[in-house]
Amino acid sequence: MPTANVETLRRYHELLNDRREPPLELFHPEVEFHMFRGSPLTGPYLGHAGVEAWFRDTFDVIDDWRLELDEVITGDDPELMVALERFVGRMRHTDLHANFPLAVVVRFRDGRIYRFEGYRKRREALEAAGLS
């Protein structure tokens, strides 16, 4: 049975895609976004202002985008999970189709998203979360 935090993560994806802006109410005020190694985005992005900067940096180069949540992997700790996601859309400057997979370790605090840690591979994220 999904935990409240899994439902919050799903709601984040729904609202982000529907609103076309980050749903700040789902983020802890001290939220941190850490990019995957080799990302063209430097990060980390800190606090609600950081979430807004991450959003601009990420989605300014892609049109007709969606952030798809393919799978959520949980363990014994309801405050920790791995999200398997995909950025889908069309690259603005090249008009090429984008389908970029990511594995993200998600941590919660006080019922809100507290930390995103990006990884390129599922295995890396699972290991980082201690869920391998």
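# Rings and helix α2

User: Is Phe59 buried or exposed?
Analyst: In this predicted model, Phe59 has a relative accessibility of 4%. The cut-off for buried is under 20%, so Phe59 counts as buried.

User: How many aromatic pairs are there?
Analyst: Ring centres have to lie within 6.5 Å to pair. Going by that rule, the count is twelve.

User: What kind of aromatic pair do Phe55 and Trp65 form?
Analyst: Their ring centres are 5.8 Å apart, with 75 degrees between the planes. Planes over 60 degrees apart go in one class, so this pair is edge-to-face.

User: How far apart in sequence are the parts that Phe55 and Trp65 tie together?
Analyst: Phe55 belongs to helix α2 (residues 47-59). Trp65 is in strand β3 (residues 62-74), so the pair joins parts whose separation in sequence is ten residues.

User: What is the relative accessible area of Trp65?
Analyst: Its partner Phe55 is buried, at 13%. Trp65 is buried too, and its value is 7%.

User: What kind of pair do Phe59 and Phe87 form?
Analyst: The centres of Phe59 and Phe87 are 5.4 Å apart and the planes meet at 65 degrees. Since the threshold is over 60 degrees, the pair is edge-to-face.

User: Which strand does Phe59 get tied to through Phe87?
Analyst: Phe59 sits in helix α2, and the pair links parts 28 residues apart in sequence. Phe87 is buried, at 12% relative accessible area. The strand holding Phe87 runs over residues 80-91, and it's β4.

User: What span should the 13 residues of α2 have?
Analyst: Take 1.5 Å times one less than the number of residues. The end C-alpha atoms of α2 are 18 Å apart, which agrees with the expected 18 Å.

User: Which strands help cover the buried residues of α2?
Analyst: The buried residues of α2 include Gly47, Ala53 and Trp54. Helix α1 (4-19) is part of what covers them. The cover also includes the strands β1 (27-34), β2 (45-46), β3 and β4.

User: Which ring does the charged end of Arg109 sit over?
Analyst: A charge has to be within 6 Å of the ring centre to count, and within 35 degrees of the ring normal. Arg109 has its charged end 3.8 Å from a ring centre, and that ring is Tyr114.

User: Is Leu69 buried, partly exposed or exposed?
Analyst: Leu69 is in strand β3 and touches residues including Leu9, His13 and Leu84. Buried would need under 20%, and Leu69 comes in at 21%, so it counts as partly exposed.

How values were computed:
Residues numbered from 1 in each chain as written. Predicted model: local features only at pLDDT ≥ 70, side-chain atom pairs only at ≥ 80, totals over all residues. Heavy atoms only, no water. Phe/Tyr/Trp six-rings, centres within 6.5 Å; stacked < 30°, edge-to-face > 60°. Helix = DSSP H or I, 4+ residues; strand = E, 2+ residues; numbered from the N terminus. Buried < 20%, exposed > 50% of the residue type's maximum accessible area, 1.4 Å probe, protein only. Contact = heavy atoms within 4.5 Å. Lists of a residue's contacts leave out its neighbours within four places in sequence.
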